[in-house]
Each structure stands twice: as structure tokens, then as C-alpha cells.
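Okay, thanks for coming, everybody. I've got one model to walk you through this morning, so let me put it up on the screen.

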Amino acid sequence: MESLLDFSKPSIDIELLDRTVDALYTGSGDTQKEAQTVLTQFQEHPDAWQRADQILEGSNNPQTRFLALRILDKLIATRWKTLPSEQRLGIRNFVVSMSLTLASDDEVLQTQKSLLSKVNLTLVQILKQDWPQNWPEFIPEIVASSRSSINVCENNMAILTLLSEEVFDFSADQMTSAKAKNLKSQLCQEFSGIFQLCLEVLENAKRKDLILATLNALLRYLNWIPFGYIFETNIIELLVSRFLDPLEFRNITVKCLTEIASLSAPNHDQQFYAMFLTAMEHINSIIPLSTNLRETYRDVPSHDQEFIQNLALFLSAFLSNHLALIENPENKELLINAHMYLIRISQIEEREIFKICLDYWSTLVYNFYEEIQQIPLTDLNPVNQLRVGSASGGAINPEILANFPLRAHIYKDVLSELRLVVIENMARPEEVLIEENDEGEIVRSFFKESDTIALYKTMREVLVYLTHLDVVDTERIMTEKLARQIDGSEWSWNAVNSLSWAIGSISGAMNEEVEKRFLVNVIKNLLHLTEIKRGKDNKAVVASNIMYVVGQYPRFLRAHWNFLKTVVNKLFEFMHETHDGVQDMAIDTFMKISQKCRRHFVSPQGSSATPFLVEIIQKIPEHTSDLDPRQIHSFYEALGYMVSAQPIRNVQERYLADLMALPNSAWDAIIEQAQQDNNLLSDPETVKILSNIMKTNVSVCTSVGPAFYPQIAKIYMDMLSMYHATSELISAAIAEQGKIAAKTPRVRGWRTIKKEVLKLIETYVSKADNKEAIINDMIEPLLGAVLEDYRQNLPDARDAEVLRCMSSLVNRLGPAIEPYIPRIIENIFECTLEMINKDFSDYMEHRIEFFKLLRSVNGSCFPALASLPPPIFALIINSCLWAIKHDNREIESDGLNLTIEILDNVGTRIPVDGKPFVDAFYENFFLPILKDTYFVLTDADHKAGFKFQAILLERMYAIAQDPNVTANLVPASEGIPVATSNAEAVRLYTVNMLMTAFPHVDRQPIEVFSRGLLTYVGNHERFKQNLRDFLVQIREIGGGDTEWLYQEERELEKAEKERAELERAKKVGGLIRPSEMDDDA
């Protein structure tokens, strides 16, 4: 095998290469490993491409020939422009010849289609490099060769398909913007020959494979070719009349019609209408509307299933873009027929098909709702109409809406059917924690499926709009289906789940009176279901639905105290239900109610003289007796929200003391016992109790907020003493047993106590409104207990929570903590840096928190940072540069942002007398920052940081042109004349650096790029595009993916879409989920 790597020989041993490839794919053991090593080295050899023609001509082994084509692909992607023109022409002619040879042979065309496809792809990669400049005659050549034989024509259609995909579908991420624009323009100019060829085939050909290849090619071109080719020729008529009915062409034809239907060409409305009318006649013949698609879909062949999906796409595309053409009295039958087809397709139990239909329904019902919003409020009789103001969004009485000529009236039956479809198929909300598994058992759900969550969101929006369009019909359907659950005629877990999820999803869409009547009936019936259903699984399903529904209607609960109290007491019952998931849902629902209805628990209600909270606190042991510790912590957190709602401070403090009585009693007992027994913390049970006490404090602090001060003040000093004691025990254990001790249950228990102490302090500090109390009473004991302990501890005994706690202090106290910054840095900085600077993987949590702390200090206390000794400050800058090269995205992002923020602070927050510091900063750090930023910018492993890399570079070139910067940014040692301005010196340095790093790139494009860096400062979008074009350029030669360059735009587009959706949702009653609304303050 080794002889294959001898490239001094004029030819390669094809037989040996075939055997080596066979050994890789069919061998085993050492032989297979040796073959893999040899073939890997062979492919990576810079001269391997010179063997490709011999391999492709001499080998009959398909895998060997694929190997040769992969070598050619790599050459084309990485070194094509560096080859002499005669070598490029030779390779190109060889690939073209091979494609023609393979395609001309009937047997080869049938048996080696995958090899031919690979050859075609290689040819298209050459096209992307050479066409049109170095291969201007390509389009005429391929059109002419297509007429030489049917086989060649079929293969050429495949090549044209690939070309369209590469130029129009993938070009944005793989070519410079100028090159992509040029290729698109050229393809449009030369398309007439391609189109004429397609038309000839479709009119005259009889061979199935050729027709399919042509239709596939046409499909790729329809969405960008000039409209004249579509609407001023007979192509639409051909598609509908000749290819829509035959089974073998049906699917690809509907796809073509979908592409046409997706176009916007108002001047051709008549052709759109004629196409749809004729197509629907054929569709009614192929699948009669009376067909029960829900039942038949599962049993039909895959091509028929595909046709139904393609039909959904076609109908959605046409109706989305051209609904107005058929939404008139003359075409009402066609209009309803098309929509009823979509209803039938929506009933199919296939998620992807349902999502296609749902996208259309979502747009349709939204437009109908918007039409209602255009009705002047004065035209809506306030006496008769059932509507809460638009801000709270109650649905209008449909009897009122019937008086207006609304489009929705035409679709009344369609919309009623749609309500039923959505209600019967409602997706599971993320709040529901139990589900039916594959074995038909009701179990706890541990995973949230993002696809299901997204589907629920869309279905919920559709149902909210449908409720606004006809609230009476929505209520009728839900009430009737609930009655069938009670009488058992439609009882099933899936049916009651979907119905309950649908009921919960329209919270806020009804006005309060309708909602009250409806919800009282729903909750009574669901409670009745728990009584009449037998079996733990049945009861668990109904219980989960009760909890979900009541959790979605806080407005109703706030307005009806007796119902609220009944529901809460029912939740307390469910907390004793041991079925998987029921207790968790009970706790979650109790938490929601506590947040949304908190005020009602701290004031007397009805005939009661004391608030309900007092009763709940008294019964904490009873309510929590069957809960695990995690659930108990959440229970305490929920009660904390209620305590926070008490406006009278001394009453609030009393409630807090009562709430914490049990944990404090246990805490006091342990503290007192610890003073007498030095070995108390060696008892695992005591450690577990302490851990749970601290977690309970954290939970309550999270919800009570600033009012937690009396509690933390009560235990603060003892808590810090406990921190110190457990820290000494941990250090002793690690010193005695080594690193392995950190993984033992005993040490992990001690560390939990330490971490919870820090977490409690961090939580309180982040919420505190009394900064003076923190500075005067808390910070000195805290730093004394934590900082020196952290520095002196062994690395494995240091907790990342210390860094997080310090960050919280800095963020909350701001400049007030500046006097303490040197002390914090002295005890934390260097010892942490020593832990994390040896590699990119150890102590990951410490790494993340370390850079967050540096960002906090830089943001709030930069003068303190700038006043550090120069060696320490230099270490901080070096840490930033190390962070931007980190393979963890969060650390890389923090490093880039920290560097940007330091540059901003140096330029804006240093006083006039600090100019020596500024000059020294630029002279020492400007070039290292620039150099390392380019390193990560051009490194594929750091592509996720492009957004901030671009911002950082723009800052750097802005500094280079800033007349106020007098320091020499580029030292004389770089060989740039002393009299050169900073801007020009930095530009020349950039050119030289990039020429060295990328010797295969010509100087001219680098010169253009470097000038753009200075020119486009202040125009961030143009600056980024300059960077993108350069990076695409080096990857066109050096290889590599470039899709990530547009990640920021995608994120911005997504954020803008979410912002617009939120603004829209705020105007529609029911679209903002209760969990997203402000809590009951």
C-alpha cells in the first residue's frame, strides 16, 4: 500500500489502489486501518490531483473513482485559480468528456447514476470558477450537445438543475456579492437557449426519465426567469394538460405549478386565474373532495402521500398570493372548494402536512381579524356588543359582526370546520408535564420538543383569531366536545388533552362575562371527570388538564375568590398524588397562581378575617409532606411571591418570619449543636439538611426580593462561619486524598452548602434596593470570608460561584465598590488565570464567570482597572486576547465584547491628565489586538464571533484615523516609514500581515480590501460587507464554508420579526399568554 504514496513514479498502480479501497470498505482490523491511513495521506498529497485522470480512466471500482473525484473537488475548491490556464483547461475538458461518455452509454446511465451525478457536480464546481469569463460558450455548447442524444439531453438537464441551485440557491453564502450578481445576470441573459430546449422536450419527448429530468430543471428556474417565459408561452398549459394527470409526472408538475403560484405578477392575473381554475378541475378528478383523506392517507402509496403534501403547498401558495382573484361571487364555488380541500388535508394526522396548511390558515384568519379592526368603534353599538376594549381584547359578539360586509362571512362554514380541526389537534403546551409514551402509558415528560412548542404557538394564535371571528361558535364546539368527554362517547386521553389545551390557549380572547360562564362550566366538568374516572392514569390525565386550564386564566381567578381558593385547595390535593408528573404540575401551577394572583392571598377575602396566606403557612408541613426537596423549595418560592405583595412593611416582615420559621428552627438547632460538636458537619444527614435550608432561603429570596433583608441579616454571620468551616473541611479532604476527593459525596455535600451560601448572597444583592446596607453591613464580612479563602484554596476547591457573586456585587453597587476592586483582583485574578490558561477545557465554569467578572469591573469601575499596576493590567489585556481565541462561544463572545469595551473606555473615560496611559495602551496593545482579531476572523473555528469581530475591527480602524490619537500605532520595527500617518501605517501593516498569512491571494484584492477598511469606518453594514467579500475570496481559494458570515443578519431578522409579533400580539386579546403578562403586583 505504501507505494501508492510514491509520486515520483509517472503512473499509479490502479489495481493496488482498487485493492486498498476495497480493504477500507470491506476489510477489517489492521488491514483496514492501514488502508485508511494510506488513502488519507494519498488524498492530502498536493500532487494527488495529477493521478485523477489515470484513476478515473483505469479503475472500474466505483469507490475508487469517487475517491478521484473528491480529490478533484478539493483542487477546484482550494487551488483552482493558482493552476496554469492550460492545466485548468485540460481538467475541464477531461471532466466534460467523462460526463458525455458516461451519459451516452445506456447501461452506464442506468447502473452508475451516482458516479455520473458526482461527475456532474464536479463539472458545476468548475463552472462556478470559470464561467462566463473563461468559458463563455458553455450554455450554447450544452444546449447543442443535448440534441445529440436523448441520454446526453437527460444528463444535461441534471447539470442545468445543479447550476441553477448553485447560482441562485447557495450563492449568497459561497461567493462574493459581485460574483454572485454577475453569474445570475449571465444566466438570465443566456436563458432563452435553455428554455427553448426545455420546451422542445416537454412538447415532443416520450421518454419518462428525460421528461422528469426536464421538469426538475424547469422547477429550479421558474422562480427567477423573466415572466415572459412563463406567461407568454404555452408552458403553463403544457404542465396542466399534459403532465398533471399522469401518475409518474404528477408530483413534479404540482411543484412547478407551486413555483408559478408563488410569483407576484399583477399584469398576468388572468393567466394565474386560468391556471388555477384548470388545475382544480384536474385535482377534483384525481382526488374527489368527498375522499376521507384522514383515513385513506395512511394506506396509500408514498407517491400519493407526496402528492397530497405537494397539493397542500400548491393550494397554500396560490391562495396566499392570489386569493383576490377568486374571492368574488362569480368564483365562490371555486373558492370554497379550494379551502375545503385544505380543510381535508389539515385533518390528516401528519405533522409536516398540517404545518403547511397551518401557515396559510394563520395568515387568513389574521387578515380577517384585521378587517374587523378597521370597523369604526362608533359603528359598534356599545350597548349590544359584547366586547371589552381592544387593549384587553374581548371578542365582539358575532351578531354585531353580521351587520358588516366582512370577508369572513363568505368563509363561515370553512372557519367552523377549521375551529374543529384546530381544537381536535391542539399541540401539547410546554407547561404540561405528563404525556402518553409509545407503550400507551402516562408518564412524566422530561424533554421539551422545540418543534411541538412552535406548533402550539401557531395553533394557539390561529384559535385566538378564530375565537375573535366567532366566539359563540368556538364556545359551542368546545362545550359540545367537553360534554362528549363526560358521557364517554368521545373519551380518550388524546381527545381530552387536545380539548383542554385548546381551552387553555384562548385565555383572554373572550370578554370577562363570557369567559366566566364558559370557564365555570369547564372547570366544573373537569372536576367531575376526576370523580367519575377510575384508574390512576385516567385521573392523572384529567388532573394535568385541570391544572393547565386554571393556570391559563389568572384574570378569572382574580375576579372569583371562591373559585381561586377551591382551585388552590385542589392543587394541595394533587401535591399528594404520587403519579409521575402530577406533583410537578401542581407545584408549577401553584407557582403561576402565586405570581399572577399574589395580592389576593395577603388580604382577607369574603367572610374570612385573616388572609389565606396565613392558613397556608400554618399548614406547610401538611401540604409538603409528600413532596421531594426540590418541590418543597418551589413551594416556598411560591409563598414568597405572596409575601412580596404585602405593602405594609412590618406585616410583611411578620409573614416572612412565619414562612421561614421551620427552616430557621432547624438552622438554629444545627448552629447551636455545631458549637458543641466539631464533627457535626461530617454527618451526611446534617449536611443534607443544611443544604436544603440554604436552598429554601435562596428560593424565598428569589421571590420576596428586597424585603428578604431581615432574614438574610438574621443568618448572615452564622452563614459565613458555616462557609468558612465547610471550606476548611474541603481543603483538608483534597489535600489528604487528592483531586478524587472533590468527587466524593461528602465533599460534594460541603461544596453544595458553600455554593448555596454564595448563591443566596448573589440573589439578594441582585435584588436589593438598599445599597448602603450592603456596603456598611455585608461587603466587608463577605470579602473577608470569601476572597482569601478562594486564593489560598487548592484549584479543585475553588468555587466559580465566588466569581459570580463578585460580578453581582460589582453590577449592583457600580462605582461605589471601586475601593474594593484592587482587593478583589488581587485575590481572584491571578490564581484563577493560572487555573484556566493551560488549555481550553479545564474549569469551564470558572472560565465563563472569570470573563463576566472582568466585563463587570470594566463596565462599572474602569478607573480602578486602569490604576492597577502595569503588569497586572497587561495580564488583563492578554486575557482578553486569549479569550477571543477560545473555542467556547460564550467565552469568545465575552472576550470580544470586553476588548471592545476596554477600547471604548480608553478613548472616553480617561481624563486629560491620563494621556500617558492612553499612549502607552495604544503603543503596547493596538497591534496585538489587531493581529489576534484577524487570526480569529480568518479561522473557521471562530466563525460564530464574526459579528463582534467586525465591530472590534471597525473600532480599531476608527482609532487609526482618530486625530486625537498621537501614539505611534505601528512601531518602526515593522519597516514602515516613520513619517507615515497612523491610518496609512495600519493599512500597510494589514496588507503585509495578510500577504504573509495568505500567500496564494494576489496583492491587488488585499490592497482594495485594506482601503475599504478605512473608507467604510462609520458605515457598519458596508464595513461588514467588505470583510465578508474578503473572507469569501480567501475561502474560494482556500476552501471552507461561508454561510456563517450572514448569521448576524439572520439573528437581526429573527429579532425584528419577534418584536413585530409582540407588538401585534399586544393589540389582540388572548395573543399574549398569561405567563408573559405582568404579574399581580
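I'll start with the whole chain, then go through a pocket, some charged pairs, one helix and a few single residues.

So, first thing to keep in mind: this is a predicted model. The protein chain has 1081 residues, and 54% of them count as buried. In terms of secondary structure, we're looking at 52 helices and two strands. If you lay the C-alpha trace along its principal axes, the span is about 100 × 85 × 65 Å. And here's a number on how the chain comes back to itself: take the contacts with a separation of 6 or more, and 74% of them are between residues 24 or more positions apart.

Okay, the pocket. The largest pocket has a volume of about 860 Å³. It's lined by 32 residues, and the closest to its centre are Asn 425, Met 426, Asn 494, Ser 498 and Trp 501. Several elements give two or more residues to that lining: helices 21, 23, 24, 26 and 28, plus strand 1. Which helix gives the most? That's helix 26, with seven residues. As for the chemistry of the lining, you've got 13 nonpolar residues, eight polar and 11 charged.

Now the charged pairs. A quick reminder: side chains of opposite charge can pair when their charged atoms come close. The structure holds 54 salt bridges, and I've picked three to show you.

Number one on my list is Arg 476 with Glu 480, at 3.2 Å from N to O. Both are in helix 25, residues 471–487, and they sit four residues apart, about one turn of the helix. Buried or exposed, you might ask, for Arg 476? Partly exposed, because its relative accessibility is 37%. Glu 480 also counts as partly exposed, at 32%. This pair isn't on its own, either. Arg 476 and Glu 480 belong to a network of salt bridges that also takes in Arg 419, Glu 424, Asp 473, Lys 481, Arg 484 and Glu 490.

Next up, Glu 573 and Lys 570, where the closest N and O atoms are again listed at 3.2 Å apart. These two are three residues apart in helix 30, so about one helical turn separates them. Here the two ends get different labels: Glu 573 is partly exposed at 48% relative accessibility, whereas Lys 570 is buried at 16%.

The last of my three is Glu 577 with Lys 536, at 3.9 Å from N to O. This pair links distant parts of the chain, 41 residues apart: Glu 577 is in the loop between helix 30 and helix 31, and Lys 536 is in helix 28. Glu 577 counts as partly exposed, with a relative accessibility of 26%.

Let's move along to helix 43, residues 844–860. With 17 residues at 1.5 Å a residue, helix 43 should span 24 Å, and the C-alpha atoms at its ends are 25 Å apart, so the two agree. Why do I call this helix largely enclosed by the rest of the structure? Because 12 of its 17 residues are buried. Among those buried residues are Phe 850, Phe 851, Leu 853 and Leu 854, but also Arg 847 and Glu 849. What covers them includes helices 40, 41, 42, 44, 45 and 46.

Right before that, in the loop between helix 42 and helix 43, there's Tyr 843. Have a look at its backbone: phi is near 55°, a positive value in a residue other than glycine. With a relative accessible area of 22%, Tyr 843 counts as partly exposed, which is above the 20% cut-off for buried.

Another backbone detail: there's a cis peptide bond between Trp 131 and Pro 132, with omega about 5°. Pro 132 is in the loop between helix 7 and helix 8.

And to finish, Leu 690, over in helix 37. It's at 0% relative accessibility, so Leu 690 counts as buried. What is Leu 690 in contact with, once you leave aside its neighbours within four places in sequence? Trp 667, Ile 670, Leu 681, Met 722 and Ile 753. For a sense of distance, the C-alpha atoms of Leu 690 and Gln 32 are separated by 58 Å, and the two residues are 658 apart along the chain.

That's my tour, so over to you.

Note on methods: Residues are numbered from 1 along each chain as its sequence is written. This is a predicted model: local features need pLDDT of at least 70, side-chain atom pairs count only at pLDDT 80 or more; totals for chains, interfaces and linings use all residues. Side-chain values use heavy atoms; hydrogens and water are left out. A salt bridge is a side-chain nitrogen of Lys or Arg within 4 Å of a carboxyl oxygen of Asp or Glu. Buried means under 20% relative accessible area, exposed over 50%, partly exposed in between (1.4 Å probe, protein chains only). The expected span of a helix is 1.5 Å times one less than its number of residues. Contact means heavy atoms within 4.5 Å. On a 1 Å grid over the protein atoms alone, a cavity is a set of points where a 1.4 Å probe fits but cannot get out, and a pocket is an open set with protein on both sides within 12 Å along at least five of seven lines; lining residues have an atom within 4 Å of a point. Grid points are joined across faces, edges and corners, and a volume is the space filled by probe spheres set on the points. Ala, Val, Leu, Ile, Met, Phe, Trp, Tyr, Cys and Pro count as nonpolar, Asp, Glu, Lys and Arg as charged, and the others, Gly among them, as polar.
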